[in-house]
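Here are a few friendly notes to read alongside the model. Have it open and rotate as you go.

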Amino acid sequence: MDHAAEIRAFLTSRRAKTSPQQAGLPAYGNRRVPGLRRSEVAQLAGISVEYYSRLERGNLSGVSGQVLDALTRALRLSQDDRTHLEDLARTAGPGPRRRRRPATASVRSNVRRLLDSMAGPAFVVNGCGDVLAANTLGRALYAPMIEAARGATPNHGRFIFLDPRSHQFWGDWERAADDVVALLHAQAGRDPYNKDLTDLIGELSTRSDEFRTRWAGHDIRQHHQGAKPIHHPVVGTLHLTYESLELPADGLVLFAYGTEPGSDSEDALRILASWAADHDPEPAEHSHG
């Protein structure tokens with residue numbers, strides 16, 4: 001993955017999505033391209049056009065926090081965008097290529113016990129979206145994704161973009177697809193030299209027009225909590241909420257699903273739990289190199 005190209009594409013996309021009106025500038029004349037001009041971003045950020053042009057060419061090495069603050073204001077970046085920009089700047093620092101300590105390839109026994117103690121579906125993923133472990137109800141919920149992996153590590157991106165069954169499984173497929181791409185973009189900013197991540201992005205870009213179009217948008221969002229509708233082949237439609245818990249010692253994230261008390265989805269999860277007792281799919285606990 002070309003880190004400079006990622007910086008260039010991100011800043012260019014954010015500039016294109018910020019209109020002069022949004023930035024409080026007069027919009028004079030016809031514009032050949034949407035959004036702000038480089039000179040306008042430089043003006044709003046209080047830096048020279050030459051310096052901003054250098055940044056947009058992909059050189060964030062040595063950029064100060066004050067400049068990042070100024071760019072955040074000028075380009076009206078969201079908090080997730082700002083975090084991504086900080087990650088891009090940090091990994092562009094001087095010296096040898098900075099690599100994050102890789103996430104663990106397996107899930108610790110303490111974490112597995114935590115998963116098994118949870119009443120609702122729960123699973124652990126890495127930055128590539130690989131499902132490394134799940135409790136019984138989590139495996140039952142993700143049975144279509146596990147089946148699609150055919151013995152390999154189930155992966156959210158591959159299932160969504162390369163398996164037609166995902167369109168039926170995710171109640172809001174477009175949102176699910178956007179979420180996965182946004183999360184992969186954020187991870188690429190944090191860990192641009194991760195070969196597994198680079199290979200996954202290359203594979204999805206080559207094999208999926210839907211992924212390639214979304215990747216070019218450079219939208220960044222972190223999803224720590226929210227709601228997802230799922231159409232399960234056994235129990236029908238489930239309206240689930242989720243929360244995430246980072247496991248910083250491992251570089252992994254634990255996700256847990258829940259339902260509204262007394263809802264139809266709560267009843268459906270009980271039925272799914274009964275089904276899982278007899279039809280538990282293969283555990284999602286493959287080693288990932």
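1. Among the buried residues of helix α15 are S265, A268, L269, L272 and A276 (buried is under 20% relative accessible area, exposed over 50%, partly exposed in between, with a 1.4 Å probe and protein chains only). Seen down the axis of α15, the buried residues fall within an arc of 100 degrees, so they line one face of the helix (the arc is taken over directions from the helix axis to the C-beta atoms). On the other side of α15, I271, S274, A277 and D278 are exposed.

2. Please keep in mind that this is a predicted model: local features need pLDDT of at least 70, side-chain atom pairs count only at pLDDT 80 or more, and totals for chains, interfaces and linings use all residues. Residues are numbered from 1 along each chain as its sequence is written, and side-chain values use heavy atoms, leaving out hydrogens and water.

3. What covers the buried residues of α15? The cover includes α8 (136–141), β3 (225–232) and β4 (236–247) (contact means heavy atoms within 4.5 Å). Helices (H or I, at least four residues) and strands (E, at least two) are DSSP runs, numbered from the N terminus.

4. The sheet is open, with 5 strands in the order β2-β1-β5-β4-β3 and antiparallel pairing (two strands pair if DSSP finds at least two bridges between them). Its edge strands, β2 (131–134) and β3, each pair on one side only.

5. Strand β5 (residues 252–258) runs antiparallel to β4, and 7 bridges join the two. S244 stands opposite F255 in β5.
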